[in-house]
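User: Hi! I've got a new model open and would love to walk through it with you. Could you pull it up?

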Amino acid sequence: EGREEPPSDQPDLAESMAELSRLGSLLGLPSILDPMFPVAYTAFFGSLPPTTPAEGTEGQPTSSIDTSNLVTIETKEEPRDQAAAKEKKKLQHAGPQRLKKIRVFELLGVVQRQDRQWMHGMSLTTFKRVLAAEKNALCGGAGNERVKLIITLVTQFREDFQEALQSFILEDLKANLDLAIAWLFAEYSLAEGLHGTWEENLRTYDQCLTGLLRGAKETLGPKDRLFTRLVLEAPRVTQPALDIVVSYCSDDERAFLGVSTLKDLVVKRPWANAEVFHALMQATMSEVETARAQALLYVKRHLYVKPDLAPKIERFALQSLENLMSDHPTFLHSDLTDMEVASEWSEDTVCMCLNLFLSILTLNHKLLKDLAMVYTRTVAAVKRVILKHMDQPVRCIGMESPELLSLVEAFPPGSETLIIRMLHILTESSPPSVGLVNRVRGIYQRNTSDVRFLIPVLHGLQKQEVIDALPKLISLSPNLVKGVFDRLLVSYRADQGHRASPVAPSELLLALVSLDCKGEEALMKSVIKAINLCFAEKGVYTQEVLAIVLQQASDLAPIPTLLLRTILQSLQACPRLLGFIMNILHKLISKQIWKQPKAWQGFVKCCELTKPESFPVLLQLPARQLESILEQSPGLKESLYSHLLGLPPYQVHRSLLRLFEHEEGRKPRKSKGKERRHTTSSEDRDTK
């Protein structure tokens with residue numbers, strides 16, 4: 001009793017009040033001197049705020065709270081001398097007193113304890129309100145601060161905060177793309193600063209990126225480029241994220257977007273990992289036609305022109321081409337893991353391995369040798385597909401390419417059909433160049449057994465070279481022979497710079513008719529088929545052309561074996577040639593055609609088919625040859641005899657009449673002159 005209050009209690013009270021005021025400002029509560037402070041405090045903490053100690057009527061401290069004037073400390077300012085005098089006077093008159101004890105303010109004593117789940121829910125609700133306050137933040141000029149606050153909170157609390165942020169971003173990815181990129185960079189920066197393995201540190205970043213990409217796949221359209229922008233602006237594309245991009249290439253609707261995203265990653269981010277480049281290369285072998293065509297186009301136009309990527313593309317293209325050397329198709333799918341083994345090669349599976357190589361072949365002609373080497377080791381089904389798809393690349397390369405001419409001059413054994421196909425493609429629309437003809441001529445001289453090399457360059461050869469090769473050319477398969485005659489019988493216009501065929505149509509047919517088969521039946525059949533091909537070209541072999549051929553052939557010695565057969569075909573094709581043909585037959589009699597048995601048989605057949613116009617020709621034959629014809633063709637004998645009866649006596653030789661004496665009931669006709677002379681003699685005799 002009577003002790004003075006320690007002077008240190010007053011600073012403790014002031015310190016407690018200052019701490020409470022600072023807490024209220026941090027919580028966004030009104031000022032501690034504000035009358036609304038107790039209400040806000042009670043709503044947040046669930047209890048009343050502490051008050052300042054007041055002196056009771058009997059000197060005891062009291063804890064009553066007046067809600068109308070809470071936590072107010074109001075004192076009247078008095079001069080220090082007066083205050084000191086009052087205090088001294090009070091101490092003199094007062095007896096011993098108990099000093100008041102002031103408690104130190106403790107926050108835990110006035111705050112209700114809540115469970116962790118409740119506090120987490122309140123925090124998450126507050127975070128969602130911050131996310132929804134975008135417009136208010138932008139109006140107040142605190143947009144950047146809001147983004148920083150969101151990123152800081154989500155990287156600190158994670159879990160539900162990440163899901164909430166991801167859902168908010170995907171609601172409008174176009175408007176929230178900057179927020180998404182800021183989040184990815186924050187996670188990536190945090191992963192770089194952590195200790196431990198790089199893969200473990202990137203786990204959270206990868207979860208954020210893949211979550212956004214999967215959500216974008218579900219919410220965006222199949223051709224929305226926001227997906228590509230999100231991938232490109234991410235600080236790093238992880239393998240799971242790349243798998244999502246690759247999955248787009250397997251979807252026909254999203255294939256274009258997936259392939260274009262891979263291309264942009266390779267072109268715009270050259271530091272990207274090798275998996276991205278390999279994924280784009282695999283897209284060139286995709287089963288989806290849209291993805292494969294788009295990937296081939298991008299590789300050829302945008303990637304192969306880069307010096308650092310060209311060697312890699314060539315290696316991959318050669319590896320895919322070498323897959324064709326297997327008996328069965330075996331190659332990786334676009335998912336880089338699954339293996340497909342089909343029973344047989346089809347055109348689609350061959351194209352999947354071939355198209356990339358052919359697309360860059362037009363830019364690098366040196367790859368022709370690799371193609372020829374692989375071609376020799378493929379099965380027949382693969383060879384057919386390769387030959388079918390060589391048109392466009394070979395046309396782009398052209399016949400002036402040094403690499404192509406070098407390959408033609410020295411091709412690997414077994415690639416003959418490939419070289420011949422390339423020659424055909426090169427000469428389909430233009431005549432062969434001199435360099436190409438010289439190299440093909442060299443091939444034929446080294447290997448005369450294969451005349452197929454000459455077919456594409458026939459227009460570049462000399463006439464005699466074509467005629468000398470004609471027996472071998474017509475001995476090929478019917479399709480090849482048809483191609484030979486198509487090339488030889490097609491006339492090119494000189495004003496367009498094309499060279500005409502070295503052999504005229506009349507010269508070609510004459511060479512076939514006069515060809516010496518030397519008793520070879522197979523060659524004879526081939527010649528007959530070739531002549532039939534000529535006669536099928538009615539627009540080329542007109543009446544005038546056929547007359548020239550027959551005239552020149554009839555002048556040959558010995559008489560061609562197939563001349564008479566050609567005469568009959570000409571007569572069938574042009575009946576107006578009958579008179580001209582009779583003149584040809586007269587000429588053949590003068591050349592003693594009966595001395596050539598096979599030609600003689602044709603002569604007899606021709607006379608049978610052209611009767612009665614051929615009777616004057618038959619009457620020009622010697623008696624022995626005419627008798628031989630009558631023996632070979634009994635039907636011709638009756639017709640010829642009727643013809644003789646209609647002729648004037650002076651035109652009929654007696655030797656001809658004796659040929660018919662052996663017919664029953666038939667007497668040789670007497671000459672009217674002799675009958676007249678015989679009658680005159682009888683009359684004279686009677687007169688005498």
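Analyst: Happy to. One term before we start: a helix here is a DSSP run of H or I with at least four residues, and helices are numbered from the N terminus. Also keep in mind that this is a predicted model.

User: Good. With that in hand, which helix does alanine 283 lie in?

Analyst: Alanine 283 belongs to helix H14, residues 274-283.

User: Is alanine 283 buried or exposed?

Analyst: Buried: its relative accessibility is 1%, and the cut-off for buried is under 20%.

User: What does alanine 283 contact, leaving aside neighbours within four places in sequence?

Analyst: Val259, Ala291, Arg292 and Ala295. In addition, the C-alpha atoms of alanine 283 and leucine 262 lie 9.3 Å apart, although 21 residues separate the two in sequence.

User: Leucine 262 is in H13, right? Which residues of H12 and H13 meet?

Analyst: Yes, Leu262 is in H13. On the H12 side the contact involves Leu242, Val245, Tyr248 and Cys249. Facing them in H13 are Ala255, Leu257, Gly258, Val259, Thr261 and Leu262. Val259 also turns up in the contacts of alanine 283.

User: And at what angle do the axes of H12 and H13 cross?

Analyst: Roughly 135°, with the axes of H12 (residues 239-249) and H13 (residues 255-268) coming within 6 Å. That angle makes H12 oblique to H13. The crossing is left-handed.

User: Let's try another pair. How do H5 and H8 cross?

Analyst: The axes of H5 (residues 116-132) and H8 (residues 160-171) cross at roughly 25° and come within 10 Å. H5 is therefore roughly parallel to H8, and this crossing is right-handed. H5 brings His120, Ser123, Leu124, Phe127, Lys128 and Leu131 to the contact, while H8 brings Asp160, Phe161, Ala164, Leu165 and Phe168.

User: Zooming out, how many helices and strands does the protein chain have?

Analyst: There are 36 helices and four strands. The chain has 688 residues, of which 41% are buried. Taking contacts between residues at least 6 apart in sequence, 65% join residues at least 24 apart.

User: Which residues have the most contacts inside the largest nonpolar core?

Analyst: Phe227, Phe485 and Phe603, in a core of 181 residues. Helix H17, residues 347-361, gives the most to this core, with nine residues. As background, nonpolar side chains tend to be buried together in soluble globular proteins.

User: What does phenylalanine 603 touch?

Analyst: Not counting residues up to four places away in sequence, phenylalanine 603 touches Leu564, Leu585, Ile589, Ile593, Val617, Leu621 and Ile629.

User: Now H26. Why call H26 largely enclosed by the rest of the structure?

Analyst: Because seven of its nine residues are buried. In H26 these are Ser506, Leu508, Leu509, Leu510, Ala511, Leu512 and Val513. They pack against H24 (463-473), H25 (478-489), H27, H28 and H29.

User: You mentioned H28. Which residues are buried in H28?

Analyst: Val545, Leu546, Ala547, Val549, Leu550, Ala553 and Ser554. The cover over the buried residues of H28 includes H26 (505-513), H27 (521-536), H29 and H30. As for its geometry, H28 has twelve residues and reaches 16 Å from first C-alpha to last, close to the 16 Å expected.

User: Any backbone oddities? Which peptide bonds to proline are cis?

Analyst: One is the bond from alanine 557 to proline 558, with omega near 0°. Proline 558 sits in the loop between H28 (543-554) and H29 (563-573). Another is the bond from lysine 611 to proline 612, again with omega near 0°. Proline 612 is in the loop between H31 (597-609) and H32 (615-618).

User: And what about the phi of glutamine 592?

Analyst: Phi is near 55° there, a positive value in a residue other than glycine. Glutamine 592 is found in the loop between H30 (578-590) and H31, and is partly exposed, at 32% relative accessible area. For context, most residues other than glycine have a negative phi, and most peptide bonds are trans.

Methods:
Residues are numbered from 1 along each chain as its sequence is written. This is a predicted model: local features need pLDDT of at least 70, side-chain atom pairs count only at pLDDT 80 or more; totals for chains, interfaces and linings use all residues. Side-chain values use heavy atoms; hydrogens and water are left out. Helices (H or I, at least four residues) and strands (E, at least two) are DSSP runs, numbered from the N terminus. Buried means under 20% relative accessible area, exposed over 50%, partly exposed in between (1.4 Å probe, protein chains only). The expected span of a helix is 1.5 Å times one less than its number of residues. Contact means heavy atoms within 4.5 Å. A nonpolar core is a set of buried Ala, Val, Leu, Ile, Met, Phe, Trp, Tyr and Cys residues joined through side-chain atoms within 4.5 Å. Axes are lines fitted to C-alpha atoms, for helices over the stretch in contact, and angles run from 0 to 180 degrees between N-to-C directions. Angles under 35 degrees count as roughly parallel, over 145 as roughly antiparallel, 65 to 115 as roughly perpendicular and the rest as oblique. A crossing is left-handed if the near helix is turned anticlockwise from the far one by less than a right angle, and right-handed if clockwise.
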